[in-house]
Amino acid sequence: MLKINYLKTLRYILLATFSLFTLALLWYLMLALKLQPMSQKDIFAQYEYQHNPSLDISFVAIDEHNLQFSYHSFDGEVVYGQISYPKKQAEHYPVLIGISAMGRSYVRWWADSFNGNPTLTQVDKIAQLANQQGYVVVAIDARFHGKRKQESLPLSKIMNNLHPWGDRKGYLNMITNTVKDHRVLLDWLMEQTQFSVGKVTVAGYSMGGQISLLLASVDPRIDKIIAIAPPFINDKVAAVAPKNLVPNMRNASTLLMTASNDEYASQLENNLLFSLINSEKKQRIDFDSGHILPAHYVEQLLPFLATN
């Protein structure tokens, strides 16, 4: 009797294990996050938006050269940011749009630390350098970052959903809508007589580098791109993978800064990305470091930012 019960229990265990395996296999085949290539037409459709010729933008002065601002984007979402003017006045200013790394607010472009955490990406030094070269520097918060955080959908949940069983929509929407927020910002910049049309540079670190490449690929109003340690994105989220869009870049001057031991992009992946950038005016600087580049990388930007 004991042997019979043992065999029966074993049979139930094997049946339950097989059933769970079958369900897991079906889930993976039908729903799991897998490579999902997209056509160029479908990718570019993700970045279309309704142009608003009369953008309602509000400013609050911080000091003589810095202002905080907010505006409603293409879908009514409120965007928050800051703009800083150089000390030397000019009739027309070139513009640098700064885009922060994941989890970082626009404030990082003006602060060497925030809430007790140092700005390891050194983007505050980039803003200082750009101001010294006569640029107006502008930066906004990405979706779900800084003043745009949402308790109901924290950034950690969006990223955790990129595991093999997750939902890619949150991440895709975060990136594509942030790109479109910047396109709305460009609409306003192009209408201001104090800015030099055709002299707009975009600079971004990590996720900011990714968004910089995407923005420049879908919007011809970007003249120069500084993409610093962008992560390599595969076709699990094809619509926000720079490799799929940079072949359509309109010959903008591009500086790609990479790391030899970047945990988010291998040397082969960085080589591939650089080869796909469609510009005769492209250059690459590779550092012997991890994802956080050595602080002196900012010095390498001076020739690229020179306006004369």
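**Entry 1: pockets**

What volume does the largest pocket have? I looked this up before anything else, keeping in mind that the model is predicted. The volume of the largest pocket comes to about 550 Å³.

Next I asked which elements give two or more residues to its lining. I found β4 (93-99), α3 (123-132) and β8 (195-205). Helix α3 supplies the largest share, five residues. In total, 25 residues line this pocket. I noted the ones that lie nearest its centre: Pro-86, Asn-131, Gln-132, Gln-133 and Gly-134. Sorting the lining of the largest pocket by class, I wrote down twelve polar, nine nonpolar and four charged residues.

Then I turned to the second largest pocket, which holds about 450 Å³ of space. Its lining has 18 residues, and those closest to the centre are Met-159, Tyr-171, Pro-231, Ile-233 and Tyr-264. How do the residues of this lining divide by class? I got eleven nonpolar, four polar and three charged for the second largest pocket.

**Entry 2: Thr-121**

I picked Thr-121, which I found in the loop between β6 (117-118) and α3. Is Thr-121 buried or exposed? Its relative accessible area is 13%, and buried means under 20%, so Thr-121 counts as buried. I then looked for its contacts, leaving aside neighbours within four places in sequence. Thr-121 is in contact with Ala-101, Tyr-205 and Tyr-297.

**Entry 3: aromatic rings**

A pair of aromatic rings is described by two things, the distance of the centres and the angle of the planes. I counted seven aromatic pairs in this model.

One of them joins Phe-69 and Tyr-71, with 6.2 Å from centre to centre and 15° between the planes. I noted this pair as stacked, because planes under 30 degrees apart count that way. Phe-69 is buried at 6% relative accessibility, and Tyr-71 is buried too, at 1%.

I also looked at Trp-188 and Phe-195. Why is this pair edge-to-face? The ring centres of Trp-188 and Phe-195 are 6.0 Å apart and the planes meet at 65°; an angle over 60 counts as edge-to-face, so the pair gets that label. Both Trp-188 and Phe-195 are buried.

Stepping back, I saw that these four residues belong to one aromatic cluster, made up of Phe-59, Phe-69, Tyr-71, Tyr-85, Tyr-93, Trp-188 and Phe-195.

**Entry 4: charges over rings**

Which ring has the charged end of Lys-282 over it? I found that of Phe-274, with the charged end 4.7 Å from the ring centre. I made a second note of this kind for Lys-224, which lies over the face of Phe-304 at 5.4 Å from the ring centre.

**Entry 5: Leu-186**

My last stop was Leu-186, which has its place in helix α5 (residues 169-190). With a relative accessible area of 0%, Leu-186 is buried.

Which residues does Leu-186 touch, not counting those up to four places away in sequence? My list reads Ile-97, Val-200, Leu-215, Asp-219, Arg-221 and Ile-222. I followed up one of them, Arg-221, and asked how far apart it and Leu-186 are. In sequence they are 35 residues apart, while in space their C-alpha atoms are 7.8 Å apart.

Notes
Residues numbered from 1 in each chain as written. Predicted model: local features only at pLDDT ≥ 70, side-chain atom pairs only at ≥ 80, totals over all residues. Heavy atoms only, no water. 1 Å grid on protein atoms, 1.4 Å probe; cavity = no way out; pocket = protein on both sides within 12 Å on 5 of 7 lines; lining within 4 Å. Points joined across faces, edges and corners; volume = space filled by probe spheres on them. Helix = DSSP H or I, 4+ residues; strand = E, 2+ residues; numbered from the N terminus. Nonpolar A, V, L, I, M, F, W, Y, C, P; charged D, E, K, R; others polar. Buried < 20%, exposed > 50% of the residue type's maximum accessible area, 1.4 Å probe, protein only. Contact = heavy atoms within 4.5 Å. Phe/Tyr/Trp six-rings, centres within 6.5 Å; stacked < 30°, edge-to-face > 60°. Lys NZ or Arg CZ within 6 Å of the ring centre and 35° of its normal.
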